[in-house]
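This report goes through one protein model by topic. Please keep the sequence and the structure in view while reading.

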Amino acid sequence: MFTPARVRLLFVTCIALFMAMLDNLVLGVALPSIQEDLGSTMSDLEWFMNAYTLAFAVLLIPFSVLGDSIGRKKVFLAGVVVFTLGSLLSGLSDSSIALILSRALQGVGGAAVVPLSLTLVNNAFPVEKRAAAIGLWSGISGLGLSIGPLVGGLIMEGAPWQVIFYVNVPVGVIAFLLGLKWLDESRGVRKPLDPLGVLLLTSGLFGIVFGLERGNSLGWGTPTVYGSLALGGILLVLFYFWEKSRQTPFIRFDLFRSRAYTFYTFAGFWMNAGVFGVIFLLTLFLQQAQGNTPLQAGVKEMAWTTMTMIAAPLAGLAISRIGNRSVLLGGLLFQGAALAWFAWLIHSQGFDVPFGQLIGPMMLAGTGMGLSFTPLSHGLISSVPENAAGEASGMGNATRELGGVFGIAISGLIFQAGDAIRSPQDFADHIVPSLAAGALMMALAFFGIALFVRGKSAASGASEPLKTKSASPSETV
């Protein structure tokens, strides 16, 4: 049941989650004002966005494992404090380097808040109620990501850019104080410290994310980009072999013996790759090709974001009736169809396609996102033992974040291919192949689930419960 204690837990975790997810994209509309105020270069502007993403993506898994070891409440609340401090320092920044460092601090805090909020929710609810609770969690997560540009546009209409950061401070203080009072402590498997493993993992992920983030701006053939990607890959391979040699590994690779765990992770990566590259380009399309202001574009995108907010909680209820796999397949199908619909409309009508015709695919895409977030999170956690829930949460969030970075990079690469963009129609011509690529990425996610994850009872997200052995402490359930 949704007892008062569980409702309080959902309130605390979801307001902190919303705050952290919002700051992924909220800053974009304020960049011109920040550039003028701080005298920032174009490179600085990129780092205002990338500093958050890099710290966030790299630390998701380590903080999830740390929460299992020393206490999820402790790590979650520490993340709230760090994120709030980073927000305050961002607003107080009087130079570009100060803002970049403060944004990185926000990312560190967000990397603790996001996965641990999911693990706390999962731990607090019985199996039969988890899908509904995770549905609400997913709706808040998707809403925070989706309305970032709208919130930023609203603030910038009548306030200085610093307010974008200052609004987080009272929210963070409230979340921390209520969390101290309302949250109960929980743990997973306690693991010994592994400094070398953490260093290899974080350095490897940093290399991959840095290379993907900088590919379009520096050029994919530049030594900085391919060197970063290659070094990141080598470090991750070294991390794998190091962990395989340990009796109590930092990350349990035996979890990937479950096909459900493997392909929910796979689907999460490709779904975010397909959809977030498209969201990025469609926001630019509405402004640069169709002449909307940032606020007007954000308002129009509410046709997408509102459906995400509505569909995600409903997905939790649908899981209990038709099963996790079926709900996820429906969500992925809706998103793939919506991206193909966008491509067809812009290809056939050009840059001045009426907004009334874009509402349909926007609503379909938003519904698909809402229907996908919940079963991805629920299915991933349900496919592992209870004491590995934190690790599964971190892995799922990290791979989805990496997928989003990858999707933006690839969509941007396809968009910039060919002749220079000199007119709104050129913009429309360039965006169509990127939309088609997004639809293909969504198809990869769909067929991964359809072909390799078997259905089970309606109440469960796990298709193949992980079989564990008692011989090794790292495999004990």
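## Terms and basis

A residue is called buried when its relative accessible area is under 20%, exposed when it is over 50%, and partly exposed in between, using a 1.4 Å probe and protein chains only. The model is a predicted one, in which local features need pLDDT of at least 70 and side-chain atom pairs count only at pLDDT 80 or more, while totals for chains, interfaces and linings use all residues. Residues are numbered from 1 along each chain as its sequence is written, and side-chain values use heavy atoms, with hydrogens and water left out.

## Confidence

The mean pLDDT (the predictor's confidence in each residue, from 0 to 100) is 86 for the protein, and 95% of the residues score at least 70. Helices here are DSSP runs of H or I with at least four residues, numbered from the N terminus, as are strands, which are runs of E with at least two. Among the elements, helix 4 has the highest mean pLDDT, at 97, and helix 13 (residues 294–300) has the lowest, at 79.

Residues 457–465 have pLDDT below 50, and the model gives this stretch 31 contacts beyond near neighbours in sequence. A contact means heavy atoms within 4.5 Å. Residues 467–477 also stay under 50 in pLDDT, with 22 contacts beyond four places in sequence.

## Salt bridges

The structure holds four salt bridges, each defined as a side-chain nitrogen of Lys or Arg within 4 Å of a carboxyl oxygen of Asp or Glu. One of them joins K74 to E185, with the closest N and O atoms 3.4 Å apart. This pair links distant parts of the chain, 111 residues apart: K74 is in helix 4 (residues 72–92), and E185 is in the loop between helix 9 (168–182) and helix 10. K74 is partly exposed at 45% relative accessibility, and E185 is partly exposed with a relative accessible area of 31%.

Another salt bridge is formed by D23 and R103, whose closest N and O atoms are 3.8 Å apart. D23 sits in the loop between helix 1 (4–22) and helix 2 (31–38), while R103 belongs to helix 5 (residues 96–124), 80 residues away along the chain. Both D23 and R103 are buried. R72 and D68 also meet through their side chains in a salt bridge, at 2.8 Å from N to O. R72 is buried with a relative accessible area of 2%, and D68 is buried at 4%.

## Helix 5

Helix 5 has 29 residues, and its first and last C-alpha atoms are 42 Å apart, close to the 42 Å expected at 1.5 Å a residue. The expected span is 1.5 Å times one less than the number of residues. Because 21 of its 29 residues are buried, helix 5 is largely enclosed by the rest of the structure.

## Helix 11 and its surroundings

The 22 residues of helix 11 should span 32 Å at 1.5 Å a residue, which agrees with the 31 Å between its end C-alpha atoms. V225, S228, G232, L235, F239 and E243 are buried in helix 11. They cover an arc of only 100 degrees around the axis, so they lie on the same side of helix 11; the arc is that of the directions from the helix axis to the C-beta atoms. An α-helix has 3.6 residues a turn, so residues three or four places apart point the same way.

The face of helix 11 turned away from the buried side carries the exposed residues P223, F241 and K244. Helix 10 (195–218) is included in what covers the buried residues of helix 11. R214 lies in helix 10 and is buried at 9% relative accessibility. Beyond its neighbours within four places in sequence, R214 is in contact with S43, E46, W47, N50, G219 and V225.

## Other positions

S258 is placed in the loop between helix 11 (223–244) and helix 12 (259–289). S258 is buried, with a relative accessible area of 2%, and a polar atom of its side chain lies 3.2 Å from the backbone nitrogen of Y261.

G298 is found in helix 13 and is buried, with a relative accessible area of 3%. R321, in helix 14 (residues 302–322), is exposed at 72% relative accessibility. The C-alpha atoms of R321 and F18 are 28 Å apart, with these positions 303 residues apart along the chain.

Terms used: A polar contact is a pair of N or O atoms within 3.5 Å; within protein, one must be able to donate a hydrogen and the other to accept it, and residues adjacent in sequence count only if both atoms are side-chain atoms.
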